[in-house]
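Work through the exercises below with the sequence and the structure side by side. Try each task before reading its solution.

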Amino acid sequence: MDFLDNIVLPQSSEHMVLLRYLLGLTSVLLIPYLSALFGMLGYSLFYGRKGKKDENPVYLRFAKELVSIITLNKSMAVALGVVPFVSAIFCYAQLLHLSDAQSVIGYLTASFIFFIISLLMIYSYRHSLHIKDLFAAVSDGNQLDEYTKNEVREYKNKANVITGKAGIWGFIFLIISTYLFIAAIQLASDSFALETQPSFFGVIFSLNAISYYLFFTAVSFALSSAIIIYYYFRPSTEEKYQSADFNNYVKKISLRNGLVFTILLPALIVLNLIFKPGIALTTSLFATLLLSLFLIMIISNMFYTMIKASEVKYGSSILLMFVILFIFVIAKDQMAFSSATKLQFQKLTQNYTEYENNLKAELGIDIAPISGEDIYNGRCIACHQFDQKLVGPPYKEVLPKYDGKMDQLIDFILNPVKVNPEYPAMPNQGLKPNEAKAVAEYLIQTYRK
Ligand code: HEC
């Protein structure tokens with residue numbers, strides 16, 4: 001993706017921290033959305049097929065409603081899917097700029113294209129399901145003559161074919177898209193641990209990506225079960241869902257599916273951990289992992305209690321737990337990414353400094369080395385003299401305790417804390433670490449003289 005690399009501007013380290021937060025935020029929107037889309041569509045296709053085979057209208061209705069829930073309106077797909085996806089690609093392009101991991105951007109872009117195709121298909125699947133029912137309703141009405149009836153039947157069959165195909169293809173493209181996405185973000189942190197960049201097959205068939213994808217699949221179906229339970233049994237549900245038969249089916253199926261897929265999660269998390277490169281394993285990563293396992297335990301317990309009592313009282317709490325679980329899992333990935341890209345981070349900061357200096361040289365701004373004296377004269381002198389009390393204490397009184405403790409002095413300048421009750425607190429001067437060091441050295445030297 002050279003073209004993306006070319007439009008990337010060098011970023012200061014503050015900007016890169018911001019980019020990381022942005023990446024975390026977009027992931028918190030995008031990944032649960034992809035997961036819910038995947039799970040709901042998978043269930044819809046499964047129960048649609050089952051309904052056709054058993055000629056069971058309950059399953060058919062369930063299948064139709066599932067895809068309608070997740071495709072509620074188009075702005076949802078844009079706000080939770082398309083926009084976060086594009087911003088995630090740009091964040092990665094910035095953060096991986098100048099690294100060997102450029103192929104990550106390529107995989108992400110491919111994933112995005114498959115995602116768009118898949119969305120188009122899923123929406124036509126949804127519409128054709130509705131149209132099919134419409135035709136069925138028309139041909140059931142007996143006022144039609146023979147010719148029109150045939151015509152309606154023909155359209156109904158056509159809609160049938162479209163439905164089947166659009167749904168399946170939508171799902172296939174979604175699988176490709178999500179798989180590429182996961183392989184790409186795994187590669188983003190792995191590639192810094194690897195000596196050489198893996199080939200296409202090395203990326204696609206990496207155990208890290210495969211095990212992560214298994215986790216993604218299971219969590220998607222578990223999350224979707226929670227969404228279904230919440231959706232059908234939320235307090236404000238309208239009368240139309242109150243057919244007891246249908247409700248019982250939905251309840252039974254979803255609680256069972258939810259429990260089964262949730263129970264699978266811990267094993268899949270551990271499996272993925274085995275295939276993670278060592279560089280990504282940090283203490284904070286293990287801490288988030290433990291918290292996730294704890295959450296999964298609570299979720300399974302909730303599913304289990306509901307099955308036993310044949311009730312759906314925890315619908316909204318379970319959904320909330322899943323949201324938190326997703327935040328943990330994403331935080332864990334982001335941590336792995338940051339610890340793997342520490343060196344890359346430094347390289348980019350370096351690159352930024354060079355870029356800044358070149359730019360200054362071009363513009364004729366001279367870049368004199370940082371001088372402690374200048375900083376003192378510019379920033380401190382208003383409040384401090386060496387031998388006279390101004391707003392702040394005279395330096396000759398406060399510096400002795402810092403003589404030989406340069407680090408503490410630098411710390412104080414970077415982060416002033418309240419010391420002497422006779423003075424107001426010193427406001428933070430917003431210096432950069434190297435500026436604080438220069439002024440601290442200047443103060444100590446001058447004070448010694
Ligand atoms: C707006 C006024 C103000 C400016 C500007 C200011 N200071 Fe201070 N400084 C204070 C005050 C007030 C205190 C006393 C704070 C206290 O005792 O809690 C203080 C305390 C200090 C101390 C003593 C800390 C201690 O442990 O007792 C040092 C060292 C110091 N300033 C360094 C600096 C340096 C270096 C700069 C310039 C980069 C600077 N100050 C700029 C107001 C200022």
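**Exercise 1.** Not counting residues up to four places away in sequence, which residues does leucine 19 touch?

*Solution.* Keep in mind throughout that the model is predicted.
- Step 1. Locate the residue: leucine 19 belongs to helix α2, which covers residues 13-54.
- Step 2. List the contacts: leucine 19 touches Gln11, Cys91, Gln94 and Leu95.
- Step 3. Look at a separation along the chain: leucine 19 and serine 87 are 68 residues apart, and their C-alpha atoms are separated by 9.9 Å.
- Step 4. Classify the surface: the relative accessible area of leucine 19 is 12%. Buried means under 20%, so leucine 19 is buried.

**Exercise 2.** Find the protein donors of the iron atom of the ligand and name the arrangement of the donor atoms around the iron.

*Solution.*
- Step 1. The protein donors are His384, through NE2, and Met426, through SD. They lie 2.0 to 2.2 Å from the iron atom.
- Step 2. Six donor atoms surround the iron atom of the ligand, and the angles they subtend run from 85 to 178°. The arrangement is therefore octahedral.
- Step 3. Place the two residues: histidine 384 is in the loop between α13 (372-380) and α14 (395-398), while methionine 426 is in the loop between α15 (406-414) and α16 (433-448). The pair therefore ties together parts that are 42 residues apart in sequence.
- Step 4. Compare the accessibilities: histidine 384 has a relative accessible area of 10% and is buried, whereas methionine 426, with 25%, is partly exposed.

**Exercise 3.** Describe the shell of residues that surround the ligand, and give polar pairs between protein and ligand.

*Solution.*
- Step 1. The ligand is surrounded by 25 residues. The closest are Cys380, Cys383, His384, Tyr402 and Met426.
- Step 2. Assign shell residues to helices: α13, α14 and α15 each supply at least two. The largest share, three residues, comes from α15.
- Step 3. Take the side chains that approach an oxygen atom of the ligand. In tyrosine 402, a side-chain N or O atom is 2.6 Å from an oxygen atom of the ligand. In lysine 401, a polar side-chain atom is 2.9 Å from an oxygen atom of the ligand.
- Step 4. Add a backbone pair: an N or O atom in the backbone of asparagine 420 lies 2.8 Å from an oxygen atom of the ligand.

**Exercise 4.** How many salt bridges does a search of the whole structure find? Describe examples.

*Solution.*
- Step 1. The search finds four salt bridges.
- Step 2. One of them joins aspartate 333 and lysine 332, whose closest N and O atoms are 3.4 Å apart. Both residues are buried. Lysine 332 lies in helix α11 (residues 315-340) and has a relative accessible area of 7%. Leaving aside neighbours within four places in sequence, lysine 332 is in contact with Tyr212, Asn272, Leu285, Thr288 and Leu289.
- Step 3. Another salt bridge joins aspartate 403 and arginine 448, at 2.8 Å from N to O. This pair links distant parts of the chain, with aspartate 403 in the loop between α14 and α15 and arginine 448 in helix α16, 45 residues apart. Aspartate 403 is partly exposed at 32% relative accessible area, and arginine 448 is exposed at 56%.
- Step 4. A further salt bridge joins glutamate 441 and lysine 437, at 3.7 Å from N to O. Both residues lie in helix α16, four residues apart, which is about one turn of the helix. Glutamate 441 is partly exposed, with a relative accessible area of 33%; lysine 437 is also partly exposed, with 45%.

**Exercise 5.** Where are glutamate 55 and serine 310 found, and what is phi for each?

*Solution.*
- Step 1. Glutamate 55 is in the loop between α2 and α3 (57-70). Serine 310 is in the loop between α10 (283-309) and α11.
- Step 2. Phi of glutamate 55 is near 50°, a positive value in a residue other than glycine. Serine 310, which is not a glycine, has a positive phi of about 50°.
- Step 3. Check the accessibility: glutamate 55 has 68% relative accessibility. Exposed means over 50%, so glutamate 55 counts as exposed. Serine 310, at 44%, counts as partly exposed.

Terms used
Residues are numbered from 1 along each chain as its sequence is written. This is a predicted model: local features need pLDDT of at least 70, side-chain atom pairs count only at pLDDT 80 or more; totals for chains, interfaces and linings use all residues. Side-chain values use heavy atoms; hydrogens and water are left out. Buried means under 20% relative accessible area, exposed over 50%, partly exposed in between (1.4 Å probe, protein chains only). Contact means heavy atoms within 4.5 Å. Donors are N, O and S atoms within 2.8 Å of the metal (3.2 Å for Na, K and Ca); water is not among the atoms, so sites may look incomplete. Four donors count as tetrahedral if all angles lie between 85 and 135 degrees; four count as square planar and six as octahedral if opposite donors are over 155 degrees apart and all others between 65 and 115; anything else is irregular. A salt bridge is a side-chain nitrogen of Lys or Arg within 4 Å of a carboxyl oxygen of Asp or Glu. A residue is near a molecule or strand if one of its heavy atoms lies within 4 Å of it. A polar contact is a pair of N or O atoms within 3.5 Å; within protein, one must be able to donate a hydrogen and the other to accept it, and residues adjacent in sequence count only if both atoms are side-chain atoms.
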